[in-house]
Amino acid sequence: MMTVDILSSIKGAKPSEAVNKLFEAIKKANSTNNNSFNKNHTNAVSLDDLRDDVVINSPKFEKQLIIENFPKEKNGYLVVAKVIEE
Amino acid sequence: MSQIRKIHTQLKNKEITCTKLVQDRLDLLKSNTHNTVNSLLDTFALALAEKVDAKIKNGQEIGLLEGIPFGIKDVYMLQGTLATASSELLKNYKSPYTATAIQKLLDAGAIPLAKENCDSFGHGSSSENTIFGAVKNAVNTDLVGGGSSGGSAVNVAKDFTVFSIGGDTGGSIRQPAGYNNVFGFKPTYGRVSRFGLMAYASSTDCVGPIAKSIEDIRIILNVMSGKDVKDQTSYQSSEISASNILNAEEIKTVGYFKNFIETDAIDPEIKSAFLASIEKIKATGIQVKELDFFEADTLVSTYYTLAMAETASNLSRLDGTNYGQRIEGENLKDTYSITRSENFSEETKRRIVGGNQVLSQGFSDEIYLKGLNLRDQISENFEKDFKEVDIILSPVTPNTPPKIGESLKNPLAMYLSDAYTVGFSLGQLPTLTIPQGTATGLQITAAKNNDELVLKFANFLKDTI
């Protein structure tokens with residue numbers, strides 16, 4: 001099983017005592033109706049109401065800001081971290 | 001008294017110029033020692049103010065919100081300005097676009113003055129989990145400003161902004177409003193578009209106003225509401241008119257949760273003040289019913305389990321490649337994990353780890369799925385209650401604001417302090433904090449989509465308690 005530090009991509013991460021206490025409370029809580037799972041999805045969009053699947057081109061200023069935010073740029077290319085093969 | 005209407009009249013009658021109004025508030029924000037500001041939008045704000053002045057000078061009509069200075073919690077996008085979420089990771093992040101709710105306010109002519117301090121990514125109830133220094137309470141600077149929209153509530157309370165836009169996932173507008181004696185409204189989930197609000201827990205994230213009067217809350221809410229194709233959970237709502245919320249005769253029954261009050265966890269003064277308010281309401285002829293509700297620790301655990309699961313997923317994109325300040329490691333995975341461990345705060349890491357714990361194999365059934373199940377039961381409980389009562393009234397918090405430093409030492413106590421706000425978030429209900437009734441105010445809640453009734457009852461209480 002994967003540990004939480006790997007799942008979270010956080011070095012040395014460990015489950016915390018405070019959060020575990022919350023989980024204990026939820027385990028103990030009474031759950032009267034086990035069949036109601038997934039009923040709380042009234043925010044789903046109806047098929048008739050889906051937005052059109054179109055590509056919207058960002059304005060130039062927006063593109064420039066996205067590039068500015070990117071961690072690294074070299075010779076006009078955005079540079080991602082070095083990829084490893086496993 | 002509506003601050004917006006007062007300033008609008010002063011501008012129209014040329015008693016003040018918009019430039020002076022904006023400059024004065026910017027000066028107050030800049031020199032304030034409550035740590036409410038992450039970045040000032042001075043150049044932008046003054047340029048907008050000049051345009052408003054030119055319009056007035058030319059004898060043109062100005063809209064009600066035109067020239068009104070406001071603040072924005074630093075989790076919203078405003079194109080070209082910093083959007084840090086009070087975090088190290090996004091310290092230098094610039095918004096590439098503008099949030100829908102903010103754009104609507106800009107279109108109405110309101111002038112943004114500052115990006116406001118808050119708990120990092122909304123993770124906190126005290127506005128101490130921030131790289132910009134703990135927000136200090138408006139009334140007593142030894143105490144916390146509340147959270148996560150602490151900077152916004154303090155700015156409104158101190159008149160540094162006329163209103164501010166906060167974000168509420170589990171109480172983050174209502175609790176700081178209560179701690180600083182102002183109004184704070186969490187609308188029905190979906191009434192205001194979330195587009196451009198950095199996601200914390202998407203199924204309860206709400207955009208809402210903090211202000212000094214019910215009328216100002218109404219004005220701002222109307223401007224921000226509406227369906228938005230960029231947030232498919234948003235819906236079309238009708239405008240709430242001023243005259244519609246003046247008469248509360250249709251409100252016949254009010255309920256409150258007995259177990260919120262009959263507990264040792266509540267401060268005795270908040271308890272007696274709450275019960276005294278109930279007596280005053282009864283005296284007007286309104287019927288008051290005691291209601292049964294889930295235990296406070298069940299509510300808090302359900303909320304945090306689901307919110308942590310959602311935030312673990314939402315924040316997974318903050319890895320130094322897609323977003324955020326990258327710290328290079330030996331390889332891609334190493335880069336991700338160094339970037340995240342160095343740049344996230346302890347509280348944010350605690351929540352991400354908690355979220356991944358409950359989403360992982362072996363844990364999801366007994367914790368996450370049970371949490372979803374409990375949420376459904378909570379919603380059903382609300383549906384049942386609103387067949388019996390028109391309004392539910394609650395305290396905002398069990399206790400008065402803690403001293404700065406206390407919440408960081410005891411995260412569990414901080415989570416439990418959200419006991420009275422998280423239930424209404426899970427139910428996606430409209431809830432308003434009013435600065436009356438107890439030391440940290442009262443919460444007024446109505447059934448889903450009935451935001452108008454909440455404001456109506458608030459108006460009624462103004463003269464009743």
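1. Two residues are taken to be in contact if their C-beta atoms, placed from the backbone, lie within 7 Å. On that criterion, the contact between the chains of this predicted model draws on 42 residues of chain A and 57 residues of chain B. On the chain A side, α1 (4-8), α2 (17-28) and α3 (60-69) each contribute at least two residues to the surface that touches chain B. The greatest contribution to that side comes from α2(A), with eight residues. By class, the side of chain A that touches chain B comprises 22 nonpolar, 12 polar and eight charged residues.

2. One helix pair spanning the two chains deserves separate mention. Helices α2(A) and α10(B) pack with their axes 8 Å apart and at an angle of about 115 degrees. The crossing of α2(A) and α10(B) is left-handed. From α2(A), the residues involved are A:L22, A:F23, A:A25 and A:I26; from α10(B), they are B:D297, B:T298, B:V300, B:S301, B:T302, B:Y304 and B:T305. The contact of α2(A) with α10(B) consists of six nonpolar residues, four polar residues and one charged residue.

3. Helix α10 (residues 296-314) of chain B also packs within its own chain, against helix α13 (residues 364-388) of chain B, with the axes 9 Å apart and an angle of about 120 degrees. Angles of 65 to 115 degrees count as roughly perpendicular; α10(B) and α13(B) are therefore classed as oblique to each other. Their crossing is left-handed. The α10(B) residues B:T298, B:T302, B:T305, B:L306 and B:A309 meet B:I367, B:Y368, B:G371, B:L372, B:L374, B:R375 and B:I378 of α13(B). This contact of α10(B) with α13(B) holds seven nonpolar residues, four polar residues and one charged residue. Two threonines and one further threonine recur on α10(B): B:T298, B:T302 and B:T305 are listed in the contact with α2(A) and also in the contact with α13(B).

4. As for annotation, the UniProt record, an unreviewed entry, assigns "domain: Amidase" to residues 22-455 of chain B. Over residues 22-455 of chain B, 39% of the chain is helix and 12% is strand. The C-alpha atoms at the two ends of that range are 29 Å apart.

5. In chain B, 11 strands make up an open sheet of mixed pairing, ordered β1-β3-β2-β4-β6-β5-β10-β11-β9-β7-β8. Its edges are β1 (37-40) and β8 (287-291) of chain B, each of which pairs on one side only. Neighbouring strands of the sheet are turned against each other by 25 degrees on average, direction ignored. Strand β7 (residues 253-257) of chain B runs parallel to strand β9 (residues 391-395) of chain B, and two bridges join them. Within β7(B), B:G255 stands opposite B:I392 of β9(B).

6. Two helices that lie on strands of chain B may be described together. Helix α7 (residues 214-224) of chain B lies across β4 (163-168), β5 (183-186) and β6 (206-211), and runs at about 150 degrees to β6(B). Helix α9 (residues 268-283) of chain B packs on the sheet, where it touches β7, β8, β9 and β11 (442-445) of chain B. The direction of α9(B) makes about 140 degrees with that of β8(B).

7. A further helix pair is formed by α2 (residues 18-31) and α3 (residues 42-57) of chain B, whose axes come within 8 Å and cross at roughly 160 degrees. Angles over 145 degrees count as roughly antiparallel; α2(B) and α3(B) are therefore roughly antiparallel to each other. The crossing of α2(B) and α3(B) is right-handed. On the α2(B) side the contact residues are B:C18, B:T19, B:V22, B:Q23 and B:L26, which meet B:D42, B:A45, B:L46, B:A49, B:E50, B:V52 and B:D53 of α3(B). The contact of α2(B) with α3(B) divides into seven nonpolar, two polar and three charged residues.

8. Two points of backbone geometry merit inspection. Most residues other than glycine have a negative phi, and most peptide bonds are trans. In chain B, the peptide bond joining B:G147 and B:S148 is cis, with omega about 10 degrees. B:S148 lies in the loop between β3 (111-116) and α5 (150-157) of chain B. B:N35, a residue other than glycine, has a positive phi, near 55 degrees. B:N35 is placed in the loop between α2 and β1 of chain B.

Methods:
Residues are numbered from 1 along each chain as its sequence is written. Chains are lettered from A and ligands numbered from 1 in the order in which they are written. This is a predicted model: local features need pLDDT of at least 70, side-chain atom pairs count only at pLDDT 80 or more; totals for chains, interfaces and linings use all residues. Helices (H or I, at least four residues) and strands (E, at least two) are DSSP runs, numbered from the N terminus. Ala, Val, Leu, Ile, Met, Phe, Trp, Tyr, Cys and Pro count as nonpolar, Asp, Glu, Lys and Arg as charged, and the others, Gly among them, as polar. UniProt positions are given in the numbering used here, feature names are shortened, and annotations may be inferred rather than shown by experiment. Axes are lines fitted to C-alpha atoms, for helices over the stretch in contact, and angles run from 0 to 180 degrees between N-to-C directions. Angles under 35 degrees count as roughly parallel, over 145 as roughly antiparallel, 65 to 115 as roughly perpendicular and the rest as oblique. A crossing is left-handed if the near helix is turned anticlockwise from the far one by less than a right angle, and right-handed if clockwise. Two strands pair if DSSP finds at least two bridges between them.
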